[in-house]
Amino acid sequence: MQQRPKPSFGGGNNRGRNPNFRREQQQEHRTNRMIRVPEVRLVGDNIEVGIYKTDEALRIAEDMGLDLVEISPNAVPPVCRIIDYNKFLYEKKKKEKEMKAKAHKSEVKEIRFTPNTDDHDFDFKAKHAESFLKDGNKVKTYVQFKGRAIMFKERGELILLKFAERLAEVGSLESMPTMEGKRMIAIFAPKASKKKEKEPKEPKEPKASPSEKESE
């Protein structure tokens with residue numbers, strides 16, 4: 001059975017396109033045979049730190065069943081570390097995923113009114129809007145006009161401005177209410193929480209020493 005030719009990683013007399021070129025472009029670090037400088041500075045655990053010929057550093061990595069990874073390519077010579085590169089990438093992706101999960105994704109929440117919204121419904125929706133804004137989300141509020149209700153634009157504007165007053169502590173109105181079709185829209189952005197300024201503490205009086213107390 002005929003064996004497939006193995007890709008060559010060295011320079012040599014190879015002509016044409018490097019078979020590993022695309023992988024090098026996608027990979028964040030150069031590893032193993034991708035490192036083509038004559039010598040490297042080797043660092044890491046269980047390694048005698050120093051400058052090695054690249055071939056020797058590769059041999060050490062192979063003997064340890066690990067990878068030679070270029071971590072500081074701009075250094076002279078480049079700094080390399082011997083690690084399990086696949087494990088390194090896995091742990092890095094895992095950390096990035098955890099950080100992404102913790103990071104809050106801002107959303108735009110919608111709240112709908114009509115020109116005849118009563119006080120109870122207004123308060124109920126205001127509480128929801130306050131909660132959304134405190135969580136760092138924007139709130140898109142609109143008054144929906146149906147049929148002849150379009151005649152009561154002023155009523156819709158009053159509702160949105162009253163809503164802006166209610167949310168003043170947690171959100172700011174990005175612009176005055178505007179008409180879009182049969183809707184009057186206002187968008188609120190969350191306000192950055194301000195840290196309370198600490199009042200300067202009064203200097204404490206120095207305690208009297210035992211000898212001073214005896215002399216009193």
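**Sheet pairing, helix packing and confidence in the model**

Strands β1 and β4 run parallel and are joined by 3 bridges. In this pairing, R41 lies opposite V79 of β4. The model is a predicted one, and its confidence values are reported at the end of this section.

The pairing of β1 with β2 is antiparallel, and β1 here spans residues 39-43. This pairing comprises 4 bridges. Three of the residues of β1 can be placed against their partners. E39 stands opposite K53 in β2, V40 faces Y52 in β2, and L42 is opposite G50, again in β2. The hairpin formed by β1 and β2 has 6 residues between the strands, and G44 in this hairpin adopts a positive phi near 135 degrees.

Taken as a whole, the sheet is open and contains 4 strands in the order β2-β1-β4-β3, with mixed pairing. Its edges are β2, residues 50-53, and β3, residues 67-72, each of which pairs on one side only. On average, and with direction ignored, neighbouring strands of the sheet are turned by 45 degrees against each other. Helix α2, made up of residues 54-63, packs on the sheet and touches β1, β2, β3 and β4, the last of these covering residues 79-83. The direction of α2 makes about 95 degrees with that of β2.

Two backbone features occur in loops that adjoin strands of the sheet. In general, most residues other than glycine have a negative phi, and most peptide bonds are trans. N32, in contrast, is a residue other than glycine with a positive phi, near 45 degrees. N32 is located in the loop between α1 (21-26) and β1. The peptide bond from V76 to P77 is cis, its omega being near -10 degrees. P77 belongs to the loop between β3 and β4.

A helix pair was also examined. Helix α4 comprises residues 119-134 and helix α5 residues 153-166; their axes come within 11 Å and cross at roughly 50 degrees. The two helices α4 and α5 are therefore oblique to each other. The crossing of α4 and α5 is right-handed. On the α4 side, the contact involves D119, F122, D123, K125, A126, K127, A129 and E130. These residues meet I159, K162, F163 and R166 of α5. Classified by residue type, the contact of α4 with α5 contains 5 nonpolar and 7 charged residues, and no polar ones.

Confidence varies along the chain. The average pLDDT of the protein is 80, and 74% of the residues score at least 70. Among the elements of the protein, β2 has the highest mean pLDDT, at 94, and the lowest, 50, belongs to helix α6, residues 210-215. Over residues 4-16 pLDDT stays under 50, and the model has 6 contacts beyond four places in sequence for this segment. Residues 195-200 also stay under 50 in pLDDT, and for them the model has 0 contacts beyond four places in sequence.

Note on methods:
Residues are numbered from 1 along each chain as its sequence is written. This is a predicted model: local features need pLDDT of at least 70, side-chain atom pairs count only at pLDDT 80 or more; totals for chains, interfaces and linings use all residues. Side-chain values use heavy atoms; hydrogens and water are left out. Two strands pair if DSSP finds at least two bridges between them. Axes are lines fitted to C-alpha atoms, for helices over the stretch in contact, and angles run from 0 to 180 degrees between N-to-C directions. Contact means heavy atoms within 4.5 Å. Angles under 35 degrees count as roughly parallel, over 145 as roughly antiparallel, 65 to 115 as roughly perpendicular and the rest as oblique. A crossing is left-handed if the near helix is turned anticlockwise from the far one by less than a right angle, and right-handed if clockwise. Ala, Val, Leu, Ile, Met, Phe, Trp, Tyr, Cys and Pro count as nonpolar, Asp, Glu, Lys and Arg as charged, and the others, Gly among them, as polar. pLDDT is the predictor's confidence in each residue, from 0 to 100.
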